[in-house]
Amino acid sequence: MRLHTRRRCKGAPVPHEASLIATVAVGFVLAFVFGYAADRLRLPPLVGYLVAGVFAGPFSPGFVADMELAGQLAEMGVILLMFGVGLHFSTDALLAVRKLAIPGAIGQIVLATLVGAGITHFWGWSLGAGIVFGLSLSVASTVVLLKALEERNLVSTPNGRIAVGWLIVEDLAMVLALVLLPAFAETLGGHAPADGPVLLTLAITLGKVAAFAALAVLVGPKVVPWILTQVARTGSRELFTLSVLALALGIAYGSAEVFGVSFALGAFFAGVVLSESSFSHKAAEESLPLQDAFSVLFFVSVGMLFDPTVLIREPLAVLAVLALIIVGKGLIAFAIVLALRYPVSTALMVSASLAQIGEFSFILVGLGATLGLAEPEARDLVLAGAILSITLNPLAFMAADAIRRHWKKAHPGVVHYGRPHYEALEHELEVIRERGEQREKARELKIQALLETFPVLALVDQHDQEELLLLFRPKTAQPGERVIRRGDRADGMYFIASGAVEVLVGDRTIKLGAGSFFGEMALLTGARRIADVTAVDYCQFLVLARRDFGQFMARHPGLRAAVAAMAEERREMNRQSLGVEDEPDEETPADA
C-alpha cells in the first residue's frame, strides 16, 4: 500500500533520525490499547487498529506519525501476510477455483465499475473520473479478507479458497488497470500523454505478467526450495528465518520492479512456490510472528488516512459509496455466483468477502489524481469508504451467515442448487489436500523408519531429526565394491540403511548389516582410515559428511557423547583382539 497524502503538523516535531522508531512505537502502543478496548467491547481488534490510526494521523490532535514510513511498514505487513497465505495455498488449489474465480472477478469488476461511474454521473463528474472512482470501489482488500477468514477458520474451506482465488484474480486485473490507465488518460479526459501505442503497452504488460507466471511455475519450485535446503543444512535457526524473510521480501520487491506486479501479489506467489516444499510448515512457523506484527501496521496506516470531517462535508456521498461497496458489490457477486451454478452459501461467502475495499483502491485513486482523472473529493470518499467498510466487514459476514440460515429454512429445496459444481470442486480440493497430507505423512514415516533403523538417533529431538534428513547424502554400493580404503582421509560417517559390508582390520574381518554404522572414529580423532570396508551385498548408505558431522555433533552433545562412547568401546575391542596396549583409532564397530 503506497500512501500519498498531505501531512499536517501538530505537537512537537519528531527528530528525523527517530521518526521510524516513533512511528513503530506509537503505532504498536495505540494499536494495543485500542485493539484491547475493541475486544472488550466485543468488536474485532482490527476496528481498534483503525481507530489507533485515526489518532496517530494528521487529522486528530496530538502526535502525528510519519505517513510515508507508516505506509512502507504497512506494505511489509501485506507482503508477509500474503506470503503466509501462499504457503497454505498450492498452485493446484489456485487452479481448482479458476472456473468460478476468473469469470466471477472480471464480471464483478466490470459491473461494479459501471455502477460507480453511473453514480458519479449524477454528481456531474466526467467519464474518466467515474471510471477511476468505480474501479477503486470494485476491488476488495485481500488483507482484510484474509484476516476475516482466519478469525473464522475458513481459509482452508472450499468457500474460503474460492474467495481468496477471486481476490487474487482481482489483484491481477488491477495490475493491468494500473498499466493501462496512463495509456488511456488523454482519451478519458486526463492530461497525461500515453507512453506509446495502447496495443503495444497492453502486449508488454501481458508479456511481463506471463513471464512472471512462467518463472513462478517453472523456475520457482526448483530454486526456492533448494535455497532453503542449503540454509536448513546449516542448522542455524536465525539464518533460516532470515532466508524466509529475504525470499518473501526479495521476490515481492523483484516482482514489482521487474514485472510490474504488486508487492502483495509477488509475495503470494512466492508462498505458493514454497508451499510444494517440505519446508512450508517451518517457513510459516518462522514468519508468523512478523506477519501478525506488521499486518497490524497496515490497519493503523489505513486509519491515518481517514479525515473524519468528510462525514460532515459529504454525508450523502459517503453513504452512497458505502452502499455500493457493501450492498451493490455484494448483490453483483451474489448474482454472478448463482449464474455460474454454485450454491447460495458460496454466493453469500463471496458477497461478504467483497464488502470492503483497501490497498488497491488507494493506489488507483492516487494514480487517477496524478493523471487528472479523479475529482478532488474522490480520494476522501474512497478513504472514507475503505475505513468504514473495513470496520463493518465483520457485520457483513454475520449477516451472510444469518441469511444463509434463514434461506435454508425458508427455501429447503434451494439448498441443493449448485451442489454438483460445489461438490466437484470440494472433491478436487480434498484430493489436493490429501496429496499434501500424504507428502507430510511420507516425511514423518521416513523419520520414523530412520529412528527404527538407527535407535541412537532418537537422542535428537524431532525438529533436528528433520534437519538430519537434509544432511544425509544417499550412496549405494554393489557387492565387491570398496567403500572405505585404508589410508584414506575420513570423508564421513556411514549409516547402513540396507545391505551388508565387511570391515577388515589387520587379519580380523567383521560383517555389518542394516542399522549399523561405521566411519565415525576417524572423524572424532582426525586420523586417517586404517580399515578396509567392502560391500558384500547391494548396499544403500546414508552418509553424514565430515563438515556436517562436525557441525551437527557440536550442536547435539548428547548424540556426540553416545557416538564417542560407542567408538571407545570399539577401540578397546580392537586392542584386545589385536593384543596391543595402545592401538591407533580403528574403524571396526563393536556390534559386528
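Arg152 is partly exposed, with 29% relative accessible area. That residue is a handy place to start in this predicted model, since its side chain takes part in a salt bridge with Glu151. From there, this briefing moves on to the other salt bridges, a buried loop residue, the nonpolar cores, an enclosed helix and a sheet.

**Salt bridges**

- Eight salt bridges are found in the structure.
- In the one between Glu151 and Arg152, nitrogen and oxygen are 3.8 Å apart.
- Like its partner, Glu151 counts as partly exposed, and its own relative accessible area is 44%.
- Another salt bridge brings together the side chains of Asp307 and Arg313, at 3.5 Å from N to O.
- The two partners sit in unlike surroundings: Asp307 is buried at 8% relative accessibility, while Arg313 is partly exposed at 45%.
- Asp401 and Arg404 also form a salt bridge, with 2.9 Å between their closest N and O atoms.
- Both Asp401 and Arg404 belong to helix 17, which covers residues 378-410. They are three residues apart there, or about one turn of the helix.
- Asp401 has a relative accessible area of 31%, making it partly exposed, and Arg404 is partly exposed as well, at 33%.
- Through shared partners, salt bridges link Asp307, Arg313 and Asp380 into one network.

**A buried residue in a loop**

- Val155 is found in the loop that runs between helix 7 (142-151) and helix 8 (158-183).
- With a relative accessible area of 18%, Val155 is buried, because the cut-off for that label is under 20%.
- Leaving aside residues up to four places away in sequence, Val155 touches Leu149, Glu150, Gly160 and Arg161.
- Leu145 lies ten residues from Val155 in sequence, and the C-alpha atoms of the two are 9.5 Å apart in space.

**Nonpolar cores**

- In soluble globular proteins, nonpolar side chains tend to be buried together.
- Here, the largest nonpolar core has 133 residues, and Trp166 and Phe299 are the ones that touch the most other members.
- Helix 3 (residues 67-87) supplies the largest share of this core, with twelve residues.
- Not counting residues up to four places away in sequence, the contacts of Trp166 include Leu100, Ala101, Gly104, Ala105 and Gln108. Also among them are Ala333, Ile336, Val337, Val350 and Leu354.
- A separate core of 20 residues lies apart from the largest one, and its members include Met493, Phe549, Phe552 and Met553.

**An enclosed helix**

- Helix 11 is made of 13 residues, 263-275.
- From first C-alpha to last, helix 11 reaches 18 Å, close to the 18 Å expected at 1.5 Å a residue.
- All of this helix is buried, 13 of the 13 residues, so the rest of the structure largely encloses helix 11.

**A four-stranded sheet**

- Four strands make an open sheet in the order 2-7-4-5, and their pairing is antiparallel.
- The edges are taken by strand 2 (482-484) and strand 5 (508-513). Each of these has a single partner strand, so one of its sides has no neighbour in the sheet.
- From one strand to the next, the twist averages 30°.
- Strand 2 runs antiparallel to strand 7 (residues 532-535), and two bridges join them.
- Arg482 has Thr534 as its bridge partner in strand 7.

Conventions: Residues are numbered from 1 along each chain as its sequence is written. This is a predicted model: local features need pLDDT of at least 70, side-chain atom pairs count only at pLDDT 80 or more; totals for chains, interfaces and linings use all residues. Side-chain values use heavy atoms; hydrogens and water are left out. The expected span of a helix is 1.5 Å times one less than its number of residues. Buried means under 20% relative accessible area, exposed over 50%, partly exposed in between (1.4 Å probe, protein chains only). Two strands pair if DSSP finds at least two bridges between them. Axes are lines fitted to C-alpha atoms, for helices over the stretch in contact, and angles run from 0 to 180 degrees between N-to-C directions. A salt bridge is a side-chain nitrogen of Lys or Arg within 4 Å of a carboxyl oxygen of Asp or Glu. Contact means heavy atoms within 4.5 Å. A nonpolar core is a set of buried Ala, Val, Leu, Ile, Met, Phe, Trp, Tyr and Cys residues joined through side-chain atoms within 4.5 Å.
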